[in-house]
Amino acid sequence: SGFLKIEMDLRRIRSQLEQSASRLSSLNRDLNTDEATAADNADKKDWQEARRFLRDSANVLSRSTKEIDLGLTSGAGQRHKFADMYTQFV
């Protein structure tokens, strides 16, 4: 019912977060030899700043994924508890 739909949505969102984090990680790389040779100091500085932004963003996604994991595991037993209480008292 409602709880199951919410859990399915959370699992879907978690999967999307993992995919986005993976994509960010693949973008966070050193310049290859040709790129480093063609880049001036300003380019290299900008690239390091972009990499810092990618790392920070990947960390935010990782924390969000962990929060979803904590919510799914800590709340899973409660769903049945509330359903049992509803059945017993309503």
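User: Hi! Before we start, what counts as a helix here?
Analyst: Hi there! A helix is a DSSP run of H or I with at least four residues, and helices are numbered from the N terminus. With that in hand, Ser20 is found in helix α1, which covers residues 2-27. Keep in mind that this is a predicted model.

User: Got it. How many helices and strands are there in the chain?
Analyst: The chain has 3 helices and 0 strands. Starting at the N terminus, the elements run α-α-α.

User: Back to Ser20 then. Is Ser20 buried, exposed or partly exposed?
Analyst: Ser20 has a relative accessible area of 34%, so Ser20 is partly exposed. The label fits because partly exposed lies between the 20% limit for buried and the 50% limit for exposed.

User: And what separates Ser20 from Ala58?
Analyst: Along the chain they are 38 residues apart, while their C-alpha atoms are separated by 8.0 Å.

User: Cool. Which contacts in the chain link residues far along the sequence, as a share?
Analyst: Among contacts with a separation of 6 or more, 69% are between residues 24 or more positions apart.

User: Can you show me one residue with such partners? What does Thr65 touch?
Analyst: Leaving out residues up to four places away in sequence, Thr65 touches Arg14, Leu17 and Glu18. Thr65 itself is found in helix α3.

User: Is Thr65 buried or exposed?
Analyst: Thr65 counts as buried, because its relative accessibility is 9% and buried means under 20%.

User: How much of the chain is buried like that?
Analyst: Buried residues make up 17% of the 90 residues.

User: New topic: the surface. How much area does the chain expose?
Analyst: About 7100 Å², and carbon and sulfur atoms supply 56% of it.

User: Which residues make the nonpolar surface patch?
Analyst: Met85, Tyr86, Phe89 and Val90 make that patch, which is about 500 Å². Met85 is found in helix α3, residues 41-89.

User: How open is Met85?
Analyst: Met85 has 38% relative accessibility, so Met85 counts as partly exposed.

User: What about charge? Which residues gather in the negative patch?
Analyst: Asp40, Asp43, Asp46 and Glu49 gather in a patch of negative charge on the surface.

User: Where is Asp40?
Analyst: Asp40 is in the loop between α2 (33-38) and α3.

User: And is Asp40 buried, exposed or partly exposed?
Analyst: Asp40 counts as partly exposed because its relative accessibility is 41%.

Methods: Residues are numbered from 1 along each chain as its sequence is written. This is a predicted model: local features need pLDDT of at least 70, side-chain atom pairs count only at pLDDT 80 or more; totals for chains, interfaces and linings use all residues. Side-chain values use heavy atoms; hydrogens and water are left out. Patches are made of residues with over 30% relative accessible area and no salt bridge: like charges are joined within 9 Å, nonpolar side chains (Val, Leu, Ile, Met, Phe, Trp, Tyr) within 5 Å. Accessible areas come from the Shrake-Rupley method with a 1.4 Å probe; for residues, only the protein chains shown count as cover. A salt bridge is a side-chain nitrogen of Lys or Arg within 4 Å of a carboxyl oxygen of Asp or Glu. Helices (H or I, at least four residues) and strands (E, at least two) are DSSP runs, numbered from the N terminus. Buried means under 20% relative accessible area, exposed over 50%, partly exposed in between (1.4 Å probe, protein chains only). Contact means heavy atoms within 4.5 Å. Lys and Arg count as positive and Asp and Glu as negative; His and the chain ends are not counted. The place of a charge is taken as NZ of Lys, CZ of Arg, CG of Asp or CD of Glu.
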